[in-house]
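Okay, thanks for coming, everyone. Let me pull the model up on the screen, and then I'll walk you through what I've been looking at.

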Amino acid sequence: EELQTSKEELQSLNEELITTNNQLNDKVDELGKVNDDLANFLNSSEVGTIFLDRKFCIRRFTPSPTKLMSLLPLDVGRPVSHISNHFIDTDLIAIADDVIKTLVPAEREVLSTDGIWHMLRCLPYRTLKDAIDGVVFTFADVTRLKRSENAMKEARNYAENILKTTQESLVVLDPELKIV
């Protein structure tokens, strides 16, 4: 009778374990799909991203920054200071250190050795519990914008120089014929 009772208890416990195991498998499958979605999102964006831990070691990176830095999959876990980069006058460690200390995101335009301009952003890496656990660097190519900006400055300077050298009176009107 005791053996029968023990057998029934074991069967009941086994059924509970099977149910719990199935639930865990469902959660693992769901987590895998979310990770796939996130990986596809990060890889499809043309914004390079590098995640660093609190010691400024590489936690993860997207494929894009491998053109800006000599990154290999084996570099995960290595300090970013050990990785050579192609930026001119840009100290990633100093930027990351400042962001960790102040918790204020940093943003600046940086030039790479191949003449490409990038918008560098560095933000604190926040966990879901709002703890700071490193920094995130993003790099977006802004070369076209930078070239457009420079072309507009040159055109404005050219027009201003023409106006300065003109000896005749000049009036500029807008489309409604009002003096500009």
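Let's start on one residue: Val 110 sits across from His 118, which belongs to strand β4. One caution before I go further: this is a predicted model.

So that pair of residues belongs to a bigger arrangement. Strand β3, residues 106-111, runs antiparallel to β4, and six bridges hold the pairing. Between those two strands there's a hairpin with five residues in it, and Gly 115 there has a positive phi near 80°.

Now stay with His 118, and look to its other partner. His 118 is also opposite Asp 141, over in β5. Strand β4 covers residues 117-126, and it's joined to β5 by eight bridges, again antiparallel. That hairpin also has five residues between its strands, and the positive phi in it belongs to Asp 130, near 65°.

What else pairs with β5? Strand β1, residues 48-52, does, in the antiparallel sense and over five bridges. If you want a spot to click on, Gly 48 has Phe 139 in β5 as its bridge partner. And is β5 mostly covered or mostly open? Covered: of the ten residues in 132-141, eight are buried.

Okay, aromatics. How many aromatic pairs does the structure hold? Three. Here's one of them: Phe 51 and Tyr 125 have ring centres 6.1 Å apart with planes at 90°, so we call that edge-to-face. These two come from distant parts of the chain, with Phe 51 in strand β1 and Tyr 125 in strand β4, 74 residues apart. Phe 51 is buried, at 14% relative accessible area, while Tyr 125 is partly exposed, at 24%.

Another pair is Phe 87 with Phe 139, and yes, that's the Phe 139 that is bridge partner to Gly 48. Their ring centres are 5.3 Å apart and the planes are at 20°, so this pair is stacked. Again it links distant parts of the chain: Phe 87 is in the loop between β2 and α2, Phe 139 is in strand β5, and 52 residues separate them. Both Phe 87 and Phe 139 are buried. Add Phe 137 and you have one aromatic cluster of Phe 87, Phe 137 and Phe 139.

Back to Tyr 125 for a second, because there's a charge to show you: Arg 59 lies over the face of that ring, 4.4 Å from its centre. There's a similar setup elsewhere, where the charged end of Lys 146 sits over the ring of Trp 117, at 4.6 Å from the centre.

Lys 146 is a nice way into the salt bridges. There are nine salt bridges in the structure, and I'll show you a few of them. Which residue does Lys 146 meet in a salt bridge? Glu 109, at 2.6 Å, N to O. Lys 146 is in helix α3 and Glu 109 in strand β3, so this contact ties together parts that are 37 residues apart in sequence. Is Lys 146 buried or exposed? With a relative accessible area of 15%, Lys 146 is buried, whereas Glu 109 is partly exposed at 37%.

Next, Asp 75 and Arg 78, whose side chains also meet at 2.6 Å, N to O. Asp 75 is buried, with just 3% relative accessible area, and Arg 78 counts as partly exposed at 32%.

Then there's one inside a helix. Arg 156 and Glu 160 make a salt bridge at 3.8 Å, N to O. Both are in helix α3, four residues apart, which is about one turn of the helix. Arg 156 is partly exposed at 47%, and Glu 160 is partly exposed as well, at 35%.

Last stop, the surface. Leu 163, Leu 170, Val 172 and Val 180 make a nonpolar surface patch of about 400 Å². Leu 163 comes from helix α3, residues 143-165, and it's partly exposed, with a relative accessible area of 46%.

That's my tour. I'm happy to rotate back to anything you'd like to see again.

Key: Residues numbered from 1 in each chain as written. Predicted model: local features only at pLDDT ≥ 70, side-chain atom pairs only at ≥ 80, totals over all residues. Heavy atoms only, no water. Buried < 20%, exposed > 50% of the residue type's maximum accessible area, 1.4 Å probe, protein only. Pairing = 2+ DSSP bridges. Phe/Tyr/Trp six-rings, centres within 6.5 Å; stacked < 30°, edge-to-face > 60°. Lys NZ or Arg CZ within 6 Å of the ring centre and 35° of its normal. Patch = residues over 30% accessible without salt bridge, like charges linked within 9 Å, V, L, I, M, F, W, Y side chains within 5 Å. Areas by Shrake-Rupley, 256 points an atom, 1.4 Å probe, with all protein chains shown as cover. Salt bridge = Lys/Arg side-chain N within 4 Å of Asp/Glu carboxyl O.
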